[in-house]
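Subject: The structure we talked about

Hi there,

Here is the structure I promised to hand over. Please open it alongside this email, and then read on at your own pace.

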Amino acid sequence: MSPLAPNKKRKKSAKEQSDASDAEPFLNGGLDSPSEDEGEDGLLQDSHSDEDDVDAFPEIDAGSDTAEEGKEDTSGDEEEYSVSEDEGEDDDEDASSDDDLHIFPTAKTIISDITGQPKKVYPEIDPDYDSDSSTEDAPNRVGNIPLHWYDDLPHVGYDIDGKKVLKPARGDELDKFLKTVDDPSAWTSVFDKNTQTDKPLTAEELDIIRRLESLENPDADYNPYEPTVEWFTGKGKEEVMPLSAAPEPKRRWIPSKWEKQKVMKIVRAIRQGRILPSKPKTTSSQPQFYAIWNDEPPSSHAPPLPAPKLRERKGWEATDKEDRERDYLPKKYSALRLVPAYDQFIQERFSRQLDLYLAPRIQRAKLNIDPNSLIPKLPSPNTLRPFPNYRSLNFAHARGRVRCISISPDGAWVVSADEEGTVSLWEVIVGREVKRWSLNEKVGAVEWCPRMDVSFFVVGTEEKLHFFISPNSSIDVLTATRTLFDPTNLTSTVVAPSLVKWNTPQQASTLEGPLLSVDLPPSSGLVTHMTWHRKGDYFATVSSGGGQGGVWIHQVSRQHSQAPFKKIKGSVQLVLFHPAKPHFFVATQRYVRIYNLAEQKLLKMLIPGIRWISSMDLHPSGDHLIVGGYDRKLCWFDLELSEKPYKVLRYHTRAIRSLQFHPSYPLFASSSDDGSIQVFHARVYSDLLTDPLIVPLKILRGHNVREGLGVLQVRWVPKQPWLVSTGADSTVAVWCH
């Protein structure tokens, strides 16, 4: 028991020190953090517990024996250690904790039975020692990871041994409410996401929360009324740094009168000889200057490069960068201060960095190719005649834009209509007007029937179609035409009802009015496009109203109309019939769909890549399609190949309004709002391995641009290489070769 006597003395001395400072219950022993078993006041109920009386941990003797030898006397040591604890309990009332001196338990020195040497034996460590919470290891050792990963799992993580930490049972919101009613201190706990449990807050933490809510300093030991420390006043503490960053006043920049007097005094002394200037320097000590562009430079410097001549500069600029002897040209400057910085400095530094980074540039072999050889060899336009190259005559309307024209199948007559409702019939060769009709409504489309045994054309207006007979036809043709529209000669009785009504006007017997009228459904709008089937019995119309009533297919022999689509995707702009197959081309704003009318199914959808399609025409062979748009693009499609265009042409400066293939010559033309007409040679070969030959031939200019609109429509004369065009300037032009 003798080794415990010094400890008691130290405990007494520690008690005397504890009276002077109550704020430090543990010296060098860690923070004062109350455990969870304490009361609501957060203070330790027994500050002088048995755990505070811990014996000192002496230095371990290196000569001690193994741990197995010390186990023999373990029981005796425990008895003596327990005695020391009992003694410490007896002195609890008179002595305070001395953790600053006794951090580790006291070891007992015994004589080993094997070696006969003294050794120290320490008491066993209690694994259930209730240590401070600041030194406890968290049971969940998953680290700083998102805990919502464990939302769908029965555990919340893993402990230090790798075992799952199961989630504690938690009640619903009603259980939480009842807990707050039963336990008035339930609001002092917080939810720990790491352990999925509620942990009570200590008195110190509650005090910090209260101070923060009251806008006070969270530190309880902070004194806001401490005496002021005079840092910049008093002896030896004068102000050193300025307290203001204001600019200096203007008076400090005014020359001083007293300095002027002193300077004048020195000047008078120099004039009177009382002050002698410095001695002049010798010529050897002065720096030597020379002109760098002189013909005879000093021998110590390399001769400068002569300034290049004009011919040399042009040759250097024409040479490729890889073939130049140097990357710069010498240039003469009148002064050294005018010499600019080296403009290739950044490029050379970057190349040097690439070399250091082991990324050298690859020197590719130069290909000496003549640029002219890359241009495809096209035949001369003189060898591709005939094609229109000049304007032969001009037919003018009284007023209004002429938006639509059509040419008779024999190529002798032209019918044109303007926006004011005036329809004119005139000859192609001389431009003589034969007949004029006034409809008093806007005309959107006009198209001549392609049949040769009859002669009539259809005019589309607001929700109506009017059939007119050419008055200059022969008697046989007139008789055949009237017989075609006679209601008694219909091929069959129409059973299916239709919203389109076919009417025979009262003045049908004369040539002053329409022979037949067709009333389209209400809200159909203006007829903007019309196209005929090659046999002349069917024709299709497109109205601006859109929807189901936008596209109608009409049959003349039965005087019946039907809508081919129940539902149309997009706004239909144009429609076309295939010249040899039962295919129907429908162009919306961005796509062109091909339908099989016999099988009633979609065959293909073409993607021209145009924002808004304005015009479309099919080659007489039926294998090629051209599409024009308001974004100045013209797309050539080979229908046997891809859904995307075979070739895209951009040659107009403004929107393309109209385009058409010639029915017999290898020509096609396009018109635009820039007031020009482009004529191309377009030869299509029967050999599938040979690409079509497209050669630009002529640019025709003659129409004036009015209000941003130029040439609105172009049509070819069927049997001649002539072209008829209409413009916004109320004129119709005939172009011949």
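Below is what turned up, grouped by theme.

One thing to keep in mind from the start: this is a predicted model.

**Aromatic rings**

A good place to begin is with the rings, since the structure holds 21 aromatic pairs. Take W448 and F457: their ring centres are 5.2 Å apart and their planes meet at 45°, so this pair is tilted. The cut-offs help here, because planes under 30 degrees apart would count as stacked and those over 60 as edge-to-face. Both W448 and F457 are buried.

Another tilted pair is made by Y651 and F680, with 4.8 Å from centre to centre and 55° between the planes. Y651 sits in the loop between β28 (647-649) and β29 (656-661), while F680 belongs to strand β31 (residues 676-683), so the pair ties together parts that are 29 residues apart in sequence. The two partners are covered to unlike degrees: Y651 has a relative accessible area of 21% and is partly exposed, whereas F680, at 6%, counts as buried.

You can also look for an aromatic cluster, which is formed by F456, F467, F485, W502, W532 and F539.

Two rings have a charge over them. The charged end of K257 sits over the ring of W258, 4.8 Å from the ring centre. In the other case, R324 places its charged end over the ring of W316, at 4.0 Å from the centre.

**Salt bridges**

Side chains of opposite charge can pair when their charged atoms come close. Across the whole structure, a search finds 13 salt bridges. Here are three to look at:

- D192 and K199 meet through their side chains, at 3.8 Å from N to O. D192 is partly exposed at 23% relative accessibility, and K199 is partly exposed as well, at 32%.
- R211 bridges to E216, with 3.6 Å between the closest N and O atoms. R211 counts as buried at 17% relative accessibility, whereas E216 is partly exposed at 37%. Salt bridges with shared partners join D207, R210, R211 and E216 into one network.
- E433 pairs with R436, where the closest N and O atoms are 2.9 Å apart. E433 counts as partly exposed, with 27% relative accessibility.

**A nonpolar patch on the surface**

Where on the surface do nonpolar side chains form a patch? Look at L174, F177, L178 and V181, which together have about 400 Å² of accessible area. F177 is part of helix α4 (residues 173-182). With a relative accessible area of 52%, F177 is exposed; the cut-off for that word is over 50%.

**A hairpin**

Finally, have a look at strand β8 (residues 402-407). Five of its six residues are buried, so β8 is largely enclosed by the rest of the structure. β8 pairs with strand β9 (residues 413-418) in the antiparallel sense, over five bridges. Within this pairing, I405 stands opposite S416 in β9. The two strands, β8 and β9, form a hairpin with five residues between them. In the turn you will find G411, which has a positive phi of about 80°.

Happy exploring, and do write back with any questions.

Best wishes

Methods:
Residues are numbered from 1 along each chain as its sequence is written. This is a predicted model: local features need pLDDT of at least 70, side-chain atom pairs count only at pLDDT 80 or more; totals for chains, interfaces and linings use all residues. Side-chain values use heavy atoms; hydrogens and water are left out. Rings of Phe, Tyr and Trp (its six-membered ring) pair if their centres lie within 6.5 Å; planes under 30 degrees apart count as stacked, over 60 as edge-to-face and the rest as tilted. Buried means under 20% relative accessible area, exposed over 50%, partly exposed in between (1.4 Å probe, protein chains only). Helices (H or I, at least four residues) and strands (E, at least two) are DSSP runs, numbered from the N terminus. A charge sits over a ring if NZ of Lys or CZ of Arg is within 6 Å of the ring centre and within 35 degrees of the ring normal. Patches are made of residues with over 30% relative accessible area and no salt bridge: like charges are joined within 9 Å, nonpolar side chains (Val, Leu, Ile, Met, Phe, Trp, Tyr) within 5 Å. Accessible areas come from the Shrake-Rupley method with a 1.4 Å probe; for residues, only the protein chains shown count as cover. A salt bridge is a side-chain nitrogen of Lys or Arg within 4 Å of a carboxyl oxygen of Asp or Glu. Two strands pair if DSSP finds at least two bridges between them.
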